[in-house]
Amino acid sequence: MKALNEILARARRSPRRIVLCEGEDERVLQAAVKAAEDGIAHLTLVGKWATLAELARSRALSLSRLELIDPDDSPLTESLAEALFALRRKKGMTREDAAAAIREPLCFANMLVREGHADGSVAGAVHTTGDVVRSAIQILGLAPGCRLVSSFFLMMLCQPFHSLKGGMIFSDCGLVIDPDAEQLSQIAMAAADSAEALLGEQARVAMLSFSTSGSAQHGNVEKVVQAARRVKERRPGLAIDEDVQLDAAIVAEIAERKLPDSQVKGNANVLIFPDLEAGNIGYKLAERIGGAEAIGPLLQGLAKPANDLSRGCSVDDIYHVIAVTTVQAQAAEARAAAAAG
């Protein structure tokens, strides 16, 4: 899997500090040990010392490469609680509330990221998506210029039978149910950034529809067209096709016939679905029938990386998301440096 191997190689070249708040889950612990041993990240596990140690002992896992932090017994807890109070007091949080909340591993982990003790967080093997996303938005906030947190899947097409090869971004397949034109434009711009950060190539965005270049007239088509035009206004250098059917988005010969003025020319690496229903069906078709490997759902639009896991995730799923989070952290630091410079 060339695209995935490249992400792993980039992570190893410059590992970042990734915090996992569900270290007491066996899968998370195994993935953390593997990731640390492979050098794709510097891992911090948040949890109870005794529980983590006993789990590691029972599974013959070494904790020597991991940092373990127990919120009930950490010198950082008091300062993180004070920072959380300062962040949330306008929302009604008291110091007592903050002191209690910071002892929750998910909150503690995201505060480590916010305060610069870690570069990204991964959760969701135990916590619900709603909890993971809510905590990330409340504590990490939105990236500059972003008005929406959305999700994407990194789809790996690396089997011999795949006519398309490499990685693609599918968005939004896991979070925003029925985006309006503005929200859809935000999803498209964030997904383009995700493609450039993770695939190492220029984004080529297809705004999917049942219409190609106005072949059908409907409010759902108009939403996609308006979203694409907003993206074009804000990102004039981005290759993006307006309403386009899937075949014209990914098959050059069909694009040439159906959409001769295409900017993407049937070579899309970012597919933007018009709503969550289409996105969820689309990625599962690609995974279950098309044989693609789906990594995600991953989050985009946050000020610092925080990713969600499926509660049915495997050790390999967690391992890959750790690698992606490291590369996202690298990209976020590069964008911040460019903005500052």
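## A tour from strand E5 to the domain interface

Select Ser151 and Leu299 to begin: Leu299, in strand E10, is the bridge partner of Ser151. The model is a predicted one, in which local features need pLDDT of at least 70 and side-chain atom pairs count only at pLDDT 80 or more, while totals for chains, interfaces and linings use all residues. Residues are numbered from 1 along each chain as its sequence is written, and side-chain values use heavy atoms, with hydrogens and water left out.

Next, widen the selection to residues 293-300, which are strand E10; six bridges join E10 to E5, and the two run antiparallel. Strands here are DSSP runs of E of at least two residues, and helices are runs of H or I of at least four, both numbered from the N terminus. Two strands count as paired if DSSP finds at least two bridges between them.

Add residues 166-171, strand E6, which also pairs with E5 in the antiparallel sense, over six bridges. Here Gly167 of E6 is the bridge partner of Met156.

Now show the side chains of E5, residues 150-157. Ser150, Phe152, Leu154 and Met156 point one way, and Ser151, Phe153, Met155 and Leu157 point the other way. Eight of the eight residues are buried, so E5 is largely enclosed by the rest of the structure. Buried means under 20% relative accessible area, exposed over 50% and partly exposed in between, with a 1.4 Å probe and protein chains only.

Move to the open sheet of five strands, ordered E3-E2-E1-E4-E11 with parallel pairing. E3 (67-69) and E11 (306-308) are the edge strands, each with a single partner strand, so one side of each has no neighbour in the sheet. From one strand to the next, the twist averages 25°. At the E11 edge, select E4 (residues 120-123): three bridges join E4 to E11, and Val122 stands opposite Asn307.

Then select helix H2, residues 26-38, which lies across E1 (16-20) and E2 (41-46) and runs at about 155° to E2. Axes are lines fitted to C-alpha atoms, for helices over the stretch in contact, and angles between N-to-C directions run from 0 to 180 degrees.

Finally, colour by domain: domain 1 is 2-141 + 304-340 and domain 2 is 150-289, with bounds from an automatic or database domain assignment. Their C-alpha centres lie 30 Å apart. Eleven residues from each domain take part in the contact, meaning heavy atoms within 4.5 Å. The two domains bury about 780 Å² between them, 73% of it on carbon and sulfur atoms; this is the accessible area (1.4 Å probe) lost on being put together, summed over both parts.
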